[in-house]
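Biologist: I'd like a close look at one part of this protein, please. Take me through the aromatic side chains, and then wander out from there as you see fit.

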Amino acid sequence: MRPHCASASWTRIPGVAAGTLLFALLGTVSAQPTLQSARELELAGKLTEAAEQYEALPAADAIEKALGRARIDAARGQRAAAAERLQRAIGEHAESAPLQAAAARMAWERGDWDTARSAVAAALKLQPDHVAARLLDAELLEATGDLEGADAGYKWLVDYYNDHDQASAAELLAIGRGAAQYARWHRLSDQFSFLINTLYPEVLEREPQGWQAHWESGRLFLEKHNVAAAAKEFAAALKINPRAAEVYASLAHLALEQYNVDDARAALERALELNPELVAAWHAKADLALANFDAPGALAILEQARQLNPRDEETLARIGAALVLLDGLPEPDATDARLHRLCAEVDARNPHAGRFYYTLGTRLEERRQFAAAERYFRRALERIPLIVGPQAGLGMMFMRLGREEEAKPLLDTAFEIDPFNVRVKNTLEVLDVLTGYETLETEHFRIKFDPAQDKLLARYVAQELERVFPELCAQFGYTPPEKTLFEIFSSARNTKGHGWFSARMVGLPSVGTVGACAGKMVALTSPNDLQTKYNWARVVKHEFIHVINLQQTNYNVPHWFTEALAVVNEGYPRSETWNQLLLERVPAGKAFTLDNINLGFIRPESGADWQMAYCQAEIYAEYLREKYGPDAIARLLTAFAENQNTGVAIERALGISQAEFDAGYQERLKQIVAELKPGVPQAEMKLAELERALKADPQNPGLMARLAQAELARGAYPEARKYARQALQLDPREQLAAYVVARLHLLVGDTAEALKTLEGALDAEAPQANLIALLAGLKLKAEDYDAAARLYRLAADREPENPTWQKSLARVYLLAKQSRPLAEVLTRLAEMDADDVNIRKKLAQLAFEARDLPEAARWARRALEIDLLDAEIHGILAQALSDQNQFAEGIAEYDVALELAPDKLGWQFGLADALVQAGQPQRAREVLRKLLAADPDYPGADTLLESLAP
């Protein structure tokens, strides 16, 4: 028995016009071979050949010829030509329902509803059961607010499927659209599987080249945020028709869902190349502009889309979002506001414009315009209470705002209606995880954490946040009016620590950082979950700066600026990685500008892009202060708070255009690169390239030396020796050549000759990295620590930002047992690397050994900012504090140290002594008795206990 089509439960897919594809399948395919071959060419995307085949059809196939040629015109973005062709054909074949239905669809997609309505009526008069006409009739009723009539129309399509076993591929596609909408309204989620697994495969049975079946399936998966399944279906569609513009447009929306900006841009550009009148592709282009904080650019793009279809609610909703970003959210009674006029225009046509308001809310929520998004999500629910999208969207937004109690009932309802929505499902799982978490509340913060793993971390995070709170609020001139929520996600109860963090923020596993801020709440991956620890104190401070900046600008601050302020406040110098990126990209003209830097944060093409975006953001902040004064940042924040885009904000705050500002900034980048030049490595060249270069310049000792090094690297020692010696004959001080010769001496065990060669060529004013590293290494091996240190210092002075030389110096001083210079070098390394716990721990140990107790405590605290589970660090801090008579803090640290390592008897004695000094004899006795039970002979324990006898 044939399975029945009853329903589906999906909200509409943002950015994909409802009728884009179905027009392409209207008409009945004849069995004639010539018509069949034309159709097959069309489905394969070979439009020129298909058009020729259609033109060659006999007069008996005039209707199919007109339909086919019109489909091809539309697929090429020539809708006016398609409409004219259809009208000519109708003039000759007025009795053709397929022609009338096709003309109706074309008019609908161009926003000419009167013509569409008239043509649909004509088609249904001629053929009351014409499936495509029935679908469009229901869509017209929905678009004008007649939900009852539209619902009856969609149900007719479901009933038709159940009563007809031999529906054509085109009819099945139309039925699929109608059945999905019927299921959405009636909350029949079980039929999602039916459409995916039964109906669309039937399309392919009837028409194996029916790529549209894969596309429709992909759109349903995308609607559910099932990105992997959607991508698979879109790929299958393109395998059949690599020129399907609709599929590329959907791929662009899929890429934006995952924040893959470059993929989105490539897909939408391909879609518009194939079909410049494809509205869904213009939507993707506008969404990309909005993601880059370019509301004026998005508005210009959307006005072009509006010309293609002035009544498309997806287009108009995006225009509304751009207006909010440009004008701010108007008061409800501000009837003259551009957004209110737009809403009134939509409401006049469609009093139940739920899709318009849902899309408007979605686009605003993506840009963190939460108050506006809530208004329009709620309005969408008022207009069409049946649809699930606004409930899910509102629930997800409340999660981002930390309003979890309000989010849960909305998400529960959304999941009950549509259990296939991946984002909602993931978020509900996050809420289940959070039910087992505890909350630590302070004056300004709420910290949620897993008590099985992160109780200690939560306590220290709370202390650090309260410590930086007054400083940061004073710096930015803003105090959040409510407590900020921090949630720390771990895998103690499951294996998805970072996965829960990512799902908490976006409902999908696509956030690649360890911390993320939504404006009123921050989510963190527990550092205790990761193999490589990170500086959690640095991260929570960074994220709280985002909280302040977002709230003080009503979420209008662009990504680049709040990142600039957060990074510059971390207080660390530029890393070697960042310097190398500057050296590579600035001379090549590949530095970001304000036009594209936001994309480097949202979804970088590579890890290098992401690093470069942070590097440049920090330099933007530094440049602002240096060039425009210490209050420039405050002026710019004020401009953003007044709802200005970047260009206007810069002009208002700094008195210059964005182009002028960026030009000055780019010059600053060039200055920085010029200062970094001494350490820049030469561009790598392959062996063959070096040989060609030397042939062109045979007396160049530098090229000879590089060729010698290349030969050495591949084990061609005779050739390496030849080129190195030739280079030294031309220039006896050619350092790279001397390095090669020294390496060759070392291969045969002639260390003395190697040293002689290296020392003879060393240029102390401009030492070559390979030479000085080898020479210093040989001195170190010979335990000539003074000479090794002198050489490494020479290199370090030349390249002060390169940590390699500092690490080498640290090794020398460690082996030489020279604590003071070792501490100096380790201090420099600690300032270069925010996440290295071992350096900080060693500094704490060195300071404690030197009895520099304040420094020991300082470095111990900084080490704990990376690894709170290191008992030894807590022990050092406890001793350093207690020895400074800071007994309360010292006792607290001893307690933590002993919780982590309860068998450390020395700490037990230290704790007891601190308790005595703090006037807590009773607890001191308890600690001492426990100590003596473990070791009755522990030195001094008996004596101290006796002194405490009551």
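Biologist: Let's start with one ring: is Tyr-623 buried or exposed?

Modeller: Keep in mind that this is a predicted model. Tyr-623 is buried, at a relative accessible area of 7%; the cut-off for that label is under 20%. Its partner Tyr-628 comes out at 17%, so that ring counts as buried too. The two ring centres lie 6.0 Å apart with the planes at 85°, and because over 60 degrees counts as edge-to-face, that is what we call this pair. Both tyrosines belong to one aromatic cluster, together with Trp-560, Phe-561, Tyr-620, Phe-640, Phe-661 and Tyr-665.

That's one corner of the aromatic story; the count for the model is 29 aromatic pairs. Another of them is Phe-445 with Phe-544, also edge-to-face, with 5.1 Å between centres and 70° between planes. This pair links distant parts of the chain: Phe-445 is in strand β2 (residues 445-449) and Phe-544 in helix α26 (residues 536-552), 99 residues apart. Phe-445 has a relative accessible area of 0%, so it is buried, and Phe-544 is likewise buried at 0%.

While we're at β2, have a look at its neighbour. Strand β1 (residues 438-441) pairs with β2 in the antiparallel sense, over four bridges, and a hairpin of three residues joins the two. Within that pairing, Thr-439 has Lys-448 of β2 as its bridge partner.

Some rings have a charge for company instead. Arg-219 lies over the face of Trp-215, 5.1 Å from the ring centre, and the charged end of Lys-722 sits over the ring of Tyr-723 at 4.6 Å from its centre.

From charges over rings, on to charges paired with each other. The model has 56 salt bridges. In one of them, Glu-314 meets Arg-318 at 3.0 Å, N to O. They sit four residues apart in helix α17 (residues 313-327), so about one helical turn separates them. Both Glu-314 and Arg-318 are buried, and they are part of a salt-bridge network that also takes in Asp-287, Arg-355, Arg-363 and Glu-366.

Asp-159 and Lys-155 make a salt bridge at 3.0 Å too, again four residues apart, this time in helix α8 (residues 147-163). Here, though, the ends are partly exposed: Asp-159 at 31% and Lys-155 at 36%.

Finally, Lys-65 and Glu-55 meet at 3.4 Å, N to O. Lys-65 is in helix α3 (residues 62-75) and Glu-55 in helix α2 (residues 47-55), so this bridge ties together parts 10 residues apart in sequence.

How values were computed: Residues are numbered from 1 along each chain as its sequence is written. This is a predicted model: local features need pLDDT of at least 70, side-chain atom pairs count only at pLDDT 80 or more; totals for chains, interfaces and linings use all residues. Side-chain values use heavy atoms; hydrogens and water are left out. Rings of Phe, Tyr and Trp (its six-membered ring) pair if their centres lie within 6.5 Å; planes under 30 degrees apart count as stacked, over 60 as edge-to-face and the rest as tilted. Buried means under 20% relative accessible area, exposed over 50%, partly exposed in between (1.4 Å probe, protein chains only). A charge sits over a ring if NZ of Lys or CZ of Arg is within 6 Å of the ring centre and within 35 degrees of the ring normal. Two strands pair if DSSP finds at least two bridges between them. A salt bridge is a side-chain nitrogen of Lys or Arg within 4 Å of a carboxyl oxygen of Asp or Glu.
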